[in-house]
Amino acid sequence: MNYVKELEKSHDENRVIPIKEKNSIHNYYNNELSERLRSVKKVNGHLIDTMTTIPLPFDVYSYSSHSGTYHPHHITENKPSEQASRWSSGTHDQDQFICLRFSSPVVASKITFGKFHRAHVCNLKEFKIYGGFNHDNMMELLHTGLKNDTEPETFDLRIHFHGLVFPIQYLKIVPLSTFGANFNYSIWYIQVQGIQDHDLLKKIVTQYQRYQEIQTTRLCLKHFRQRNMMHIFRLLQERTKVELEHPLLTELHSQLVMNGDFDGTERLLTQLLRQGVFQHYAKNAPYKATWHRIWATNQDGDSPCPRGGHQMCIDIIGRRIYLLGGWDGHKDLSDFWCYDIQADQWNLLSADTLEDGGPSPRSCHKISFDPKSRSIFVLGKYVEYQTAQDHRLESDFYRYFCDHNKWMKISDNTAKEKGPGLIFDHQMCVDEEGQILYVFGGRKVNYESTTTMHTYSGLYSYNIGTNTWRLIQADGGGNSPIPTVTNTTPTSVSSTNKNDSESCIETSIKTTMKSRVGHSMLFDPLTRHLYIFAGQRVKDYLSDLFAYSIDANQVTELSQDYSKEAGPDAGYTQRATIDIEKKEIYVLSGYLQNQGCDVVKSGLWVYSIEQNRWTKVYQNENRDPDYWKRMKHVEPCPRFAHQMVYDQSTNTQYIFGGNPGDRECANKRLDDFWQLRLVRPDPDDILRRSIYLVRMQQLKEKCINHPISSIDDPATHTLDALDYLRSKLTPLVNHDNPEEVHEFRQLCARLCLSPENAFFSTLDECKDLEQDIFSQRNQVFEGLLEYIPDEMKEPTEQLLDVVKLV
């Protein structure tokens with residue numbers, strides 16, 4: 001950005017705080033205060049890791065209620081065969097809990113739930129666990145759920161807080177739901193594991209209390225400064241020697257809020273950019289979705305017709321997107337299109353692939369692009385039940401060579417070649433390096449005339465070079481002819497035999513990777529993992545997440561239910577892509593199960609593989625047809641059975657078509673084509689935005705300064721403000737940001753519509769003017785802190801939040 005470079009150049013000769021060491025901002029805690037805080041945060045983490053955990057004895061401190069003889073003390077005894085050996089709540093509501101107390105502070109690292117000897121409707125499907133040093137002040141340590149089976153489950157508890165090991169003496173379990181609707185909650189047995197070493201815990205508690213004292217002092221300092229009680233602020237800081245923030249931020253507050261030195265403030269902001277302070281926010285800022293509708297056609301002015309259940313794949317090197325088939329609401333399609341990204345143009349490769357030696361009309365199939373051979377594989381299709389009985393269609397398998405515009409039929413029936421039978425709503429990925437095609441899930445077309453039961457396909461691999469299929473894992477939801485692979489899920493007890501070299505293919509797992517339809521499967525060629533999640537099995541919407549290591553032939557359950565871990569609702573036909581460099585998965589929602597009902601939502605989520613964390617980019621709950629008519633050129637309406645591909649070279653997603661779930665017109669399908677980019681601000685843009693906020697405040701003050709002297713000539717004063725707006729503020733406006741443009745236009749309107757100026761204070765208000773200006777500047781300062789790393793700035797909490805009404 002040229003403006004930022006000019007700004008930095010103009011500030012080179014006016015540096016405010018010379019910094020001798022390049023990394024001194026990031027090493028802020030090198031002074032006396034920082035030594036105190038760093039000593040608090042060191043807490044001998046290596047000792048915690050090496051200490052042997054033991055079962056921690058506890059008493060039941062309190063509970064919400066109990067039913068009959070199902071008293072809370074039963075959870076201290078593990079009697080899985082006894083129906084009465086459990087705590088059961090007296091009612092089924094969100095106020096139920098059971099609170100445990102340890103005889104002395106502990107570090108509780110794991111909790112184990114025992115179960116009844118058979119599945120039970122009262123088992124906890126979802127629950128939260130809180131812990132704290134006292135029972136009135138607890139923080140969340142875990143949010144998850146149990147499986148409705150007989151096996152004990154062990155979960156890791158959060159033990160770190162702001163870099164500290166977190167000691168607790170109270171543990172509170174809060175049930176949220178059971179497997180049976182409206183049944184009372186039951187807990188059969190609890191064991192808490194952790195550390196109770198007296199000497200180590202004494203040190204942990206002392207350091208944590210010291211940290212609390214420092215944080216409490218910082219909250220007080222923040223409170224007094226926000227209210228301009230600077231004499232109390234300085235006295236407290238002098239007595240405690242506690243600093244509120246990094247010295248640069250203290251100087252920033254002094255220049256902006258106390259002195260109103262806006263030029264000095266801008267120089268300080270530029271210095272923060274030079275020191276790399278804005279890098280952290282630029283890397284971790286929430287994504288913002290920017291949609292752009294594509295109106296491309298071919299040379300005849302045509303484009304793909306409305307459809308759902310179609311398939312798309314992308315050739316990133318060739319800059320082309322391929323689209324095949326689908327259902328238009330009345331019939332299956334067999335047209336084949338190619339979108340040239342660089343030319344922004346559709347090309348119709350085939351009006352009917354069957355006539356060109358390719359697949360017949362179909363939907364709910366799957367296509368995958370192999371970059372090495374530059375070919376596309378096509379497998380599966382949806383077949384109506386009655387059609388399956390009448391025609392007994394086979395599982396054909398096709399390959400399209402992109403450079404030669406030629407189809408080849410690989411197989412008439414993959415089932416006869418040890419591959420999957422005729423399936424639909426499955427997933428398929430290509431391992432370019434190994435030249436292997438992976439196929440997972442999908443519903444099998446059932447030829448039995450006596451039943452319409454759902455049967456599912458397992459995990460298969462197809463060797464492209466040798467033209468051979470292999471069954472890796474049969475359907476994990478029922479009797480499997482081949483034992484499923486080992487599970488190493490971090491949230492449940494594993495039964496892996498590490499001494500058995502064949503364990504990864506010979507050991508059954510307690511939690512199987514069930515086959516499903518409408519799920520997502522993505523391949524990471526760097527780690528050589530397949531990621532499989534979501535989908536539907538019979539009537540159940542799934543929200544589990546698995547990683548399958550191709551080389552180790554091993555499954556890891558990353559999440560049993562990510563909807564309980566701040567992830568999206570359970571659902572199917574969502575569309576997902578992966579960025580292997582950023583280690584992120586992007587999910588555009590489809591059909592979701594929300595509080596017991598099926599809905600179609602417009603939502604976008606990002607899953608960080610490294611952090612095992614979901615983030616919601618946006619979710620539009622609006623179901624008003626008139627609203628989406630107005631927004632049809634702004635963002636895509638809710639849909640399912642759409643398709644999405646990702647161009648990692650430009651960080652761009654492409655979305656086409658789908659079913660809008662229109663209940664008034666069940667045959668309606670979509671033909672809109674969208675481009676989606678997820679953007680974060682770069683450091684230069686953060687500086688621009690920061691200076692924009694500062695100059696907005698300076699303009700406001702130009703309009704209210706010295707009202708007594710200005711009231712004789714308001715026109716001159718207004719012209720001065722208008723000149724500042726034109727020369728200093730307008731060049732900073734980001735016209736691609738609607739919120740910023742709206743904010744700027746409002747300011748212009750308030751400034752220009754009244755000759756006396758809308759910001760003028762009356763003489764009666766002059767006594768409050770100083771405090772008003774202080775409050776406004778303070779708001780700007782707090783807005784700037786959004787871009788500063790937490791370790792440099794004042795606490796985000798407010799002192800007033802500590803006060804509780806009894």
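**Exercise 1. Where is the place of E384, between which strand and which helix?**

Solution. The model is predicted.
Step 1. E384 sits in a loop that connects β19 (375–379) with α9 (385–391).
Step 2. Its relative accessible area is 46%. Buried would require under 20% and exposed over 50%, so E384 counts as partly exposed.
Step 3. The side chain of E384 has a polar contact, at 3.4 Å, with the side chain of Y382.
Step 4. For the distance in sequence against the distance in space, take V445: 61 residues separate E384 from V445 along the chain, while their C-alpha atoms are 8.4 Å apart.

**Exercise 2. Describe the sheet that contains β19, giving strand order, edges and twist.**

Solution.
Step 1. The sheet is open and has four strands, ordered β18-β19-β20-β21, with antiparallel pairing.
Step 2. β18 (366–370) and β21 (406–411) are the edge strands, each paired on one side only.
Step 3. From one strand to the next, the twist averages 25 degrees.
Step 4. For the register of β18 and β19, begin with the five bridges that join these antiparallel strands. Within this pair, K366 has L379 of β19 as its bridge partner.

**Exercise 3. Which strands stand at the edges of the sheet β28-β29-β32-β33, and why is one side of each without a neighbour?**

Solution.
Step 1. This is an open sheet of four strands, and the pairing is antiparallel.
Step 2. The edges are β28 (520–524) and β33 (554–559); each has a single partner strand, so one side of each has no neighbour in the sheet.
Step 3. Neighbouring strands here are turned against each other by 20 degrees on average, direction ignored.
Step 4. At the β33 edge, strand β32 (residues 545–549) is joined to β33 by five bridges in the antiparallel sense. A547 stands opposite T556 of β33.

**Exercise 4. Follow W337 through its two strand pairings, and characterise the hairpins on either side of β16.**

Solution.
Step 1. Strand β16 covers residues 332–340, and eight of its nine residues are buried.
Step 2. Strand β15 (residues 320–327) pairs with β16 over seven bridges, antiparallel. In that pairing W337 is the bridge partner of L323.
Step 3. β16 is also joined to strand β17 (residues 345–350), by five bridges and again antiparallel. There the bridge partner of W337 is L348.
Step 4. Turn to the connections. The hairpin of β15 and β16 has four residues between its strands, and G329 takes a positive phi near 105 degrees. The hairpin of β16 and β17 likewise has four residues between the strands, and D344 in its turn has a positive phi of about 55 degrees.
Step 5. As background, strands of a sheet pair through backbone hydrogen bonds, either parallel or antiparallel.

**Exercise 5. Check the span of helix α7 against the value expected at 1.5 Å a residue, then describe its ends and its burial.**

Solution.
Step 1. α7 (residues 262–274) has 13 residues. The expected span is 1.5 Å times one less than the number of residues, which means 18 Å for this helix.
Step 2. The end C-alpha atoms of α7 are 19 Å apart, in agreement with the expectation.
Step 3. At the N-terminal end, D261 acts as the cap: one of its side-chain oxygens is 3.4 Å from the backbone nitrogen of D263. Just past the other end of α7, G276 has a positive phi of about 80 degrees.
Step 4. Ten of the 13 residues are buried, so the "under 20%" criterion leaves α7 mostly covered. Among the buried residues are F262, L268, L269, L272 and L273, together with the polar T265, E266, T270 and Q271.**Exercise 6. How do the axes of α4 and α5 cross, and how does the span of α4 compare with 42 Å?**

Solution.
Step 1. The axes of helix α4 (residues 198–226) and helix α5 (residues 230–240) come within 8 Å of each other and cross at roughly 160 degrees.
Step 2. An angle over 145 degrees counts as roughly antiparallel, and therefore α4 and α5 are classed as roughly antiparallel.
Step 3. The crossing of α4 past α5 is left-handed.
Step 4. α4 has 29 residues and reaches 42 Å from its first C-alpha to its last, close to the 42 Å expected at 1.5 Å a residue.
Step 5. D197 caps the N-terminal end of α4, with a side-chain oxygen 3.4 Å from the backbone nitrogen of D199. After α4 comes N228, with a positive phi near 60 degrees.

Technical notes
Residues are numbered from 1 along each chain as its sequence is written. This is a predicted model: local features need pLDDT of at least 70, side-chain atom pairs count only at pLDDT 80 or more; totals for chains, interfaces and linings use all residues. Side-chain values use heavy atoms; hydrogens and water are left out. Buried means under 20% relative accessible area, exposed over 50%, partly exposed in between (1.4 Å probe, protein chains only). A polar contact is a pair of N or O atoms within 3.5 Å; within protein, one must be able to donate a hydrogen and the other to accept it, and residues adjacent in sequence count only if both atoms are side-chain atoms. Two strands pair if DSSP finds at least two bridges between them. Axes are lines fitted to C-alpha atoms, for helices over the stretch in contact, and angles run from 0 to 180 degrees between N-to-C directions. Angles under 35 degrees count as roughly parallel, over 145 as roughly antiparallel, 65 to 115 as roughly perpendicular and the rest as oblique. A crossing is left-handed if the near helix is turned anticlockwise from the far one by less than a right angle, and right-handed if clockwise.
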